[in-house]
Amino acid sequence: NSLPRVGATGEAITTLRPSGFVRIDGRRLDASAESDLIDSGTPIEVISVETDKFGCALAVHDPCMIRA
């Protein structure tokens with residue numbers, strides 16, 4: 001299985017506080033929100049993918065969130 005790339009989009013399938021689950025390309029994956037909270041059902045975008053000997057860490061954000 002290949003890892004999602006930065007810029008891949010999907011949906012939060014649980015509330016991310018900041019961690020939870022997202023669905024990208026039909027796959028359920030662990031992820032952490034860049035912000036404190038992303039509600040279930042919110043569209044998400046991958047902003048970083050890091051791998052180490054323990055596995056993969058995805059960081060995501062809500063691309064519709066207005067930034068100051």
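**A five-stranded predicted model**

Thr9 is found in strand S1. The model to which this residue belongs is a predicted one, and Thr9 serves here as the way into it. Thr9 is exposed, with a relative accessible area of 53%; that value counts as exposed because the cut-off is over 50%. Not counting residues up to four places away in sequence, Thr9 touches Ile24, Ile44 and Glu45. Glu45 is also the residue in S4 that stands opposite Thr9. Val22 is 13 residues from Thr9 in sequence, and the two C-alpha atoms are 9.7 Å apart in space.

The wider setting is as follows. The protein has 0 helices and 5 strands, and from the N terminus on its elements run β-β-β-β-β. Of its 68 residues, 28% count as buried. The accessible surface comes to about 4600 Å², and carbon and sulfur atoms account for 48% of that surface. Among contacts between residues at least 6 apart in sequence, 43% join residues at least 24 apart.

Confidence comes next. The mean pLDDT of the protein is 86, and 90% of the residues reach 70 or more. S1, the strand that holds Thr9, has the highest confidence, at a mean of 94. Confidence is lowest in strand S5, residues 55–61, where the mean is 79. Where pLDDT is low, the predicted coordinates should not be read in detail.

How does S1 pair with other strands? With S4, S1 pairs in the antiparallel sense over 3 bridges. With S2, S1 also pairs in the antiparallel sense, here over 2 bridges. Ala12 stands opposite Val22 in S2. S1 and S2 form a hairpin, and 6 residues lie between them. Pro18 belongs to the loop between these two strands, S1 being 9–12 and S2 being 19–24. The peptide bond that leads from Arg17 to Pro18 is cis, with omega near -5°.

After S2 comes another loop, between S2 and strand S3 (27–33), and Asp25 lies in that loop. The backbone of Asp25 has a positive phi of about 50°, although Asp25 is not a glycine. Asp25 is exposed, with a relative accessible area of 71%.

Ile24, the residue before it in the numbering, has a long list of contacts. Leaving aside neighbours within four places in sequence, Ile24 is in contact with Pro4, Ala8, Thr9, Gly10, Leu29, Ile44, Val46 and Leu58. Ile24 is also a member of the largest nonpolar core, which has 13 residues. Which members of this core touch the most other members? They are Leu16, Val22, Ile24, Ile38, Ile44 and Val60. The elements that give two or more residues to the core are S2, S3, S4 and S5. S3 gives the most, with 3 residues. In soluble globular proteins, nonpolar side chains tend to be buried together.

Two of these core residues, Ile24 and Ile44, are among the contacts of Thr9, yet Thr9 is itself exposed.

The loop between S3 and strand S4 (43–52) holds Thr42. Is Thr42 buried or exposed? Thr42 is buried, with a relative accessible area of 15%; this counts as buried because the cut-off is under 20%. The side chain of Thr42 reaches the backbone oxygen of Asp39 at 2.8 Å. Not counting residues up to four places away in sequence, Thr42 touches Gly10, Glu11, Ala12 and Asp62. Ala12 is the residue already met opposite Val22.

Glu50 lies in S4, the strand that pairs with S1. Glu50 is exposed, with a relative accessible area of 52%. Leu3 and Glu50 are 47 residues apart in sequence, while their C-alpha atoms are 9.7 Å apart in space.

To return to the start, S1 pairs in the antiparallel sense with S4 and with S2. Thr9 stands opposite Glu45 in the one, and Ala12 stands opposite Val22 in the other.

Definitions and conventions
Residues are numbered from 1 along each chain as its sequence is written. This is a predicted model: local features need pLDDT of at least 70, side-chain atom pairs count only at pLDDT 80 or more; totals for chains, interfaces and linings use all residues. Side-chain values use heavy atoms; hydrogens and water are left out. Helices (H or I, at least four residues) and strands (E, at least two) are DSSP runs, numbered from the N terminus. Buried means under 20% relative accessible area, exposed over 50%, partly exposed in between (1.4 Å probe, protein chains only). pLDDT is the predictor's confidence in each residue, from 0 to 100. A polar contact is a pair of N or O atoms within 3.5 Å; within protein, one must be able to donate a hydrogen and the other to accept it, and residues adjacent in sequence count only if both atoms are side-chain atoms. Contact means heavy atoms within 4.5 Å. A nonpolar core is a set of buried Ala, Val, Leu, Ile, Met, Phe, Trp, Tyr and Cys residues joined through side-chain atoms within 4.5 Å. Two strands pair if DSSP finds at least two bridges between them. Accessible areas come from the Shrake-Rupley method with a 1.4 Å probe; for residues, only the protein chains shown count as cover.
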